[in-house]
Amino acid sequence: MGPMDLNSSHVSPVLTDSVPVNKSRLGIHSSLLTYSQQDSSSPHSAAPAPAGKLPRTGSRKSAAGSIDDVRFNGWLDAMKASSPPRKKLLKGSMINALLPSNIEYDNEDYHILTVDYPSALECFEKIVERAKNNKVAVFLDYDGTLSPIVDDPDCAFMSEPMRETVRSVARCFPTAIISGRSRDQVYDLVKLTELYYAGSHGMDIIGPFRHNMSNKLPNCVNSTDHQVTMHPSSLLIMLLLSCPFLTNHFLWQGNQITLFQPATQFLPIIDEVFRTLVEITKDISGAKVENHKFCVSVHYRNVQENNWTIIGQRVHDILKKFPGLRSTHGRKVLEVRPVIDWNKGKAVEFLMESLDLNDNDDVLPIYIGDDKTDEDAFKILRESNRGCGILVSSVKKESNASYSLRDPNEVMEFLQLLVRWKEREETNHFNKQIKVKV
C-alpha cells in the first residue's frame, strides 16, 4: 500500500481469525526470539513441559531465601510497587462526573509528578508547535487512559463523550489503540471502525498495511489468503453505511487488510496456562484470570494483600514449567506472555512503518498510556527524539514519557484540543489558498 492520505478518514475494519493456525506459515521469525531464557520469571532453560494438565502448585513451602520464593526473589516487591495504594480524594476537589468516585486521585501527588513530567494540557501549545507542518499519528492505551481503572475489568467502559472524541481524533489523524486486552475484546469496548487495533500488548495487530509488509514479515497474513474474516459488527456497519472507502479497500483490495501476529506458535501454550491458572486460583477470593489470546492476565485488584504472596507464587511456579513464557507486572495484574522481542514499542514502530511514516522526519507520533507496559512505547519515542510520550497518572512515578495527564478526563480534554487545533490548521490553510487564488 502506498502512503496514506493523512487528511482523510482512516477506516480499518476489525478482523477475526476464521481458520486454525498454520504453524509452518505463521511460525515466529527467529529475530523475534531474542529475550534471554534466563528471565527472572523463567529461570530455567529446559524445554517446555508437554501439553497436559499441570500439577497444582503454590501450596508447597519454599525454603527461606530461595529464589523460587516470591517473598525473596523480588516478585512480591514488584507486585506491590506496581500497585500503589488508592489516594483519598481531596476535600472539595472538582472531579468530572464521568469519573468514578473511587478513582486514584491526589492533587498534591500530581503536582509532584509534573515537576518531571509537565502537564500536557498546560504544555499543549509547545506540543503542537512541534506538530506544525508535520503529520501526527496518535497511539492510545485503553484501560486507565480511555476508561477509568475499575475493580472489575469487564466493566471498564469508556464514556460516550470519550468515544465521540476518539472518533473525531481518528478522522483527523491515523489512530491506533494498543492494549493488553485481546484485539476483539478491546474492539467490543471501543466499537469504532475508524481505528487500527493492536491487542495482547501489540502481538495481535490489524490494519490496511502496505502490500510488501507481508513479504518482509513472515507473520503477516493478508485477507485474500482466507486466514481472516471481517468482524460481524464491522461488516454490518459497512453494509449499513455503504461506505465506498470500505467497499473498495476491503472487498476489492482485500490484500491491504493484514493481520500481524508474531507469537502465533504460542497459542496452544497460552490456552493451557490459562486453563491451569483458572484452576489453581479459584480458591483465592477476588482473583480473576483472563485469556487475551496471546497473553494471560491474572488480576489481584480484589485480592486481600495478605494473599498476594500466594497468587504470585502460583503464577511463578507455573512459569517454571514454561520457559517460553515470562511475566510482567501491571497495575494489580500479572501478565503472562511469550518470551519474544515484541512489546507496545515494537507495535508502534510496526504501525508507523505500515502507514509509511517510519522513515519520515515530518511525523510526530503521540502515545498516551498509563501502565508499565506503555513504557516500551515511551522509550521508543524518547530514544528516537521524534515523538511525544504522555503518561496518565495522578501519582509520582518514573517514566520514559515527556508529559503527563492526570486521568482519562484530562486525556479526553487533550484529545479534544488536538482535534480543534487540527481543524484550525486546516481552516487557515484553506484561507491561505483562497487568498493566493484571488
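**A guided reading of the predicted structure**

Cys-155 is partly exposed, since its relative accessible area is 40%, and this value lies between the limits of 20% and 50% that separate buried from exposed residues. Cys-172, by contrast, has a relative accessible area of 11% and is therefore buried, because the buried class covers values under 20%. The model described here is a predicted one. A disulfide is a covalent bond that joins the sulfur atoms of two cysteines. The structure contains zero disulfides.

From the cysteines we turn to strand S13, which spans residues 363-369. Seven of its seven residues are buried, so the strand is largely enclosed by the rest of the structure. The covering applies to both faces of S13. On one side stand Val-363, Pro-365, Tyr-367 and Gly-369, and on the other Leu-364, Ile-366 and Ile-368; all of these residues are buried.

Which strands pair with S13? One is strand S2, residues 135-140, which pairs with S13 in the parallel sense over six bridges. Within this pairing, Val-138 has Ile-366 of S13 as its bridge partner. Another is strand S14, residues 388-392, which is also parallel to S13 and is joined to it by four bridges. Here Ile-366 has Cys-388 of S14 as its bridge partner. To pass from S13 to S14, the chain travels through helix H13 (residues 375-384), and the resulting β-α-β crossover is right-handed.

On the way from S13 to H13 the chain forms a loop, and Thr-373 is found in it. Is Thr-373 buried or exposed? Thr-373 has a relative accessible area of 8% and is therefore buried, because that value falls under the 20% limit. If neighbours within four places in sequence are left aside, Thr-373 is in contact with His-201, Arg-337 and Lys-344. With Lys-344 there is also a polar contact, made between the two side chains at 3.4 Å.

Another part of the structure is organised around helix H11, residues 308-321. This helix has 14 residues, and the distance from its first C-alpha to its last is 21 Å, close to the 20 Å expected at 1.5 Å a residue. H11 is mostly covered, with ten of its 14 residues buried. Among the buried residues are Trp-308, Ile-311, Val-315 and Leu-319, as well as Arg-314, His-316 and Asp-317. What do the buried residues of H11 pack against? They pack against two helices, H2 (75-81) and H10 (267-281), and against the strands S10 (296-299), S11 (325-330) and S12 (333-338).

Strand S12 deserves attention in its own right. Six of its six residues are buried. S12 pairs with S10 in the antiparallel sense over four bridges, and in this pairing Val-298 stands opposite Leu-334 of S12. S12 also runs antiparallel to S11, to which it is joined by six bridges; there Ser-327 stands opposite Val-336 of S12. S11 and S12 form a hairpin with two residues between them. In the turn of this hairpin, Lys-332 has a positive phi of about 55°.

Methods
Residues are numbered from 1 along each chain as its sequence is written. This is a predicted model: local features need pLDDT of at least 70, side-chain atom pairs count only at pLDDT 80 or more; totals for chains, interfaces and linings use all residues. Side-chain values use heavy atoms; hydrogens and water are left out. A disulfide is a pair of cysteine sulfur atoms within 2.5 Å. Buried means under 20% relative accessible area, exposed over 50%, partly exposed in between (1.4 Å probe, protein chains only). Two strands pair if DSSP finds at least two bridges between them. A crossover is right-handed if, with the strands pointing away from the viewer, the path from the first strand over the helix to the second runs clockwise. A polar contact is a pair of N or O atoms within 3.5 Å; within protein, one must be able to donate a hydrogen and the other to accept it, and residues adjacent in sequence count only if both atoms are side-chain atoms. Contact means heavy atoms within 4.5 Å. The expected span of a helix is 1.5 Å times one less than its number of residues.
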